[in-house]
Amino acid sequence: MSEQQLIKKLQEGDELAFEKIYMNYRDTFIPWALKQLSGNEEEAKELYQVTMIALFENAVNGKLVELTSSLKTYIFAIGKNKIRELRRAKGKKINNIVDFALREDFPNVDDYEVFEENMTAVEQGLQNMDSKCSELLTRFYYKRQSMTEISDHMAYKNAKTTKNMKYKCLQRLRELVLKIMASSQKTI
Amino acid sequence: MTNDKSVQLIEQYLVGALSAKDSINVELLILTDEAFGKLFNNMKSALNLISYQGRADLFKKMKSWETSLSKVAMKENNIHEKIEHYLVGKLSVDEILEFEKKLDNNPEFRQQFEETKRLFEGIKYTNRKKLRKRLQRVEADMDAEEPQKGVVRSLNSKKILSYAAGLALLMALTFIITMNISTTQNNTSVIAALGTYPSDLIQRSPVIDNEISERLKDLFPNHDSEQVYMAFLAYEEGDYSKAKAAYESLLTDQQSSVITFFKGQAAFGALQYEDAISAFDEYLSSGEQRYADPSVYWKGLSLIASGNEEGTKALWSEFATEDCHFCEKAAAILETLK
């Protein structure tokens with residue numbers, strides 16, 4: 001599969017294309033990251049992983065449409081930015097590159113304990129709900145697929161049906177999360 | 001009988017409040033007393049009309065509930081969209097000001113905003129974690145399979161690799177590679193023999209098109225045909241580890257004995273014989289028959305490759321005497337094992 005075909009698949013949120021891109025640039029990125037991070041092997045791998053997650057999100061958010069450089073140059077540019085951001089963040093008591101990257105671009109994440117609790121509740125809610133519902137929410141809110149694309153993938157009648165379904169699923173998730181949070185407060 | 005008494009009696013009769021004996025008396029009166037009969041008919045029609053109108057009113061009410069519910073849904077959907085647009089910076093300056101004003105002045109809206117924001121963030125966070133887990137799995141697979149080729153291999157492990165150990169490794173690898181070449185050739189014949197394996201589709205085009213997608217949907221109705229395609233493609237390209245990981249991912253979404261069989265083949269190609277044996281065992285215990293013969297055959301090969309020739313001999317002792325394509329192949333291998 002050519003690079004252009006892989007990028008196209010990535011823009012559609014295809015996780016296997018994502019894995020293929022990961023494998024394609026792994027052997028050049030990790031040795032480079034090793035030098036940047038003073039030889040810490042685990043950190044180099046983690047940096048590559050968070051870089052790739054950022055690439056995935058940029059792709060599904062339509063930021064790769066006008067890719068002027070090669071994909072490799074783009075990936076390295078993200079990597080360099082991540083290192084810069086991480087160095088800046090270290091002053092703010094964040095030392096773990098993965099934790100930092102997972103929370104990235106969530107506004108006002110000052111109280112990490114509360115944030116973690118909230119995120120765990122949503123994660124559990126997504127796990128506990130009907131798998132079709134969590135897939136729909138993931139496709140729409142994370143992979144940024146359109147209602148029509150989701151209808152095609154998930155065999156819903158049309159975009160309107162999918163939109164109604166999305167509303168119901170979000171309501172269901174809201175209820176589940178509130179329930180999970182209420183029960184965790186009870187146990188505290 | 002006075003008119004009032006008649007009205008009362010008919011009313012009770014119509015609502016079923018009379019005893020059986022009184023009901024018979026009313027029915028006799030309807031038949032014998034013309035005035036009573038006429039009154040009864042009028043009252044019955046009126047009651048029917050009331051019921052009809054009552055039902056119609058109820059339907060109207062229900063319809064209006066539905067309309068207001070869908071309006072609420074639409075309104076809520078719009079609110080979600082607005083919150084989302086606010087969070088990703090899609091609102092105009094005026095809209096932002098209006099949105100923030102509402103946040104400041106309307107505590108109910110503020111709460112809804114906070115809850116919805118939490119859900120959006122949680123969905124993103126959960127999926128980031130999922131993607132990372134996937135990449136960690138890829139790394140773990142690579143570490144397990146090809147430590148000698150790893151980019152970030154440990155220097156210490158290189159140093160301690162003695163000449164004797166190196167020689168033993170070389171011999172083992174030679175055996176494994178020889179096995180793998182022969183099994184790769186066998187793969188082709190297996191694919192041809194299976195018939196339903198869509199390798200012809202994959203060879204035709206490196207990109208999934210509608211026709212291929214439709215055929216895969218027929219073969220694997222419960223799985224994402226694109227993902228199935230990528231798994232087959234990886235296998236065809238000889239990237240067995242990737243194919244195996246792809247099949248495993250498909251199985252996480254939805255169990256399927258057929259996919260388990262293909263996972264076994266990919267595990268064999270990736271030299272992970274224990275995994276291959278487990279997969280073939282799982283397939284064989286599923287009761288599925290389509291790939292039963294090749295499963296027994298491939299399990300036998302996996303046992304040989306993992307050094308358990310006796311296991312293969314026991315497994316194939318009857319199988320090799322039966323009349324089937326893979327049974328004959330097994331018989332030929334058993335001959336060489338003797």
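Two residues are in contact if their C-beta atoms, placed from the backbone, lie within 7 Å. The exercises below concern a predicted model.

**Exercise 1.** Find which residues of helix H1 (residues 3-11) of chain A are buried, and name helices that cover them.

*Solution.* Begin with the count that decides burial: a residue is buried if 20 or more other C-beta atoms lie within 10 Å of its own. In H1(A), the residues that pass this test are Lys9(A), Leu10(A) and Gln11(A). Next, look for what lies over these residues, and you will find that the cover includes helix H2 (15-36) and helix H3 (41-60) of chain A. Finally, follow the chain just beyond H1(A), where Gly13(A) takes a positive phi of about 85 degrees.

**Exercise 2.** Describe how helix H14 (residues 292-305) and helix H16 (residues 325-337) of chain B pack together.

*Solution.* Two packed helices are described by the angle between their axes and the distance between the axes. For H14(B) and H16(B), the angle is about 20 degrees and the axes are 8 Å apart. Because angles under 35 degrees count as roughly parallel, H14(B) is roughly parallel to H16(B). The crossing of H14(B) past H16(B) is left-handed. As a last step, list the residues that make the contact: H14(B) gives Asp293(B), Pro294(B), Tyr297(B) and Gly300(B), while H16(B) gives Phe326(B), Cys327(B), Lys329(B) and Ala330(B). Sorted by class, these are five nonpolar, one polar and two charged residues.

**Exercise 3.** Work out which helices of chain B supply the side that touches chain A, and sort the residues of that side by class.

*Solution.* Start with the extent of the interface, in which 31 residues of chain B are in contact with 38 residues of chain A. On the chain B side, helix H3 (34-87), helix H5 (107-145) and helix H10 (225-236) each supply at least two residues, and the largest share, 19 residues, comes from H5(B). The classes on this side of chain B are 14 nonpolar, six polar and eleven charged residues.

**Exercise 4.** Summarise the make-up of chain B, and say where its pLDDT stays under 50.

*Solution.* Chain B has 16 helices and zero strands, and buried residues make up 24% of its 338 residues. Turning to confidence, the mean pLDDT of chain B is 75, with 77% of its residues reaching 70 or more. The stretch where pLDDT stays under 50 is residues 147-207 of chain B, for which the model has 38 contacts beyond four places in sequence. For the model, the scores are ipTM 0.88 and pTM 0.51.

Definitions and conventions
Residues are numbered from 1 along each chain as its sequence is written. Chains are lettered from A and ligands numbered from 1 in the order in which they are written. This is a predicted model: local features need pLDDT of at least 70, side-chain atom pairs count only at pLDDT 80 or more; totals for chains, interfaces and linings use all residues. Helices (H or I, at least four residues) and strands (E, at least two) are DSSP runs, numbered from the N terminus. Ala, Val, Leu, Ile, Met, Phe, Trp, Tyr, Cys and Pro count as nonpolar, Asp, Glu, Lys and Arg as charged, and the others, Gly among them, as polar. Axes are lines fitted to C-alpha atoms, for helices over the stretch in contact, and angles run from 0 to 180 degrees between N-to-C directions. Angles under 35 degrees count as roughly parallel, over 145 as roughly antiparallel, 65 to 115 as roughly perpendicular and the rest as oblique. A crossing is left-handed if the near helix is turned anticlockwise from the far one by less than a right angle, and right-handed if clockwise. A residue is buried if 20 or more other C-beta atoms lie within 10 Å of its own, exposed if 12 or fewer, and partly exposed in between; C-beta atoms are placed from the backbone. pLDDT is the predictor's confidence in each residue, from 0 to 100.
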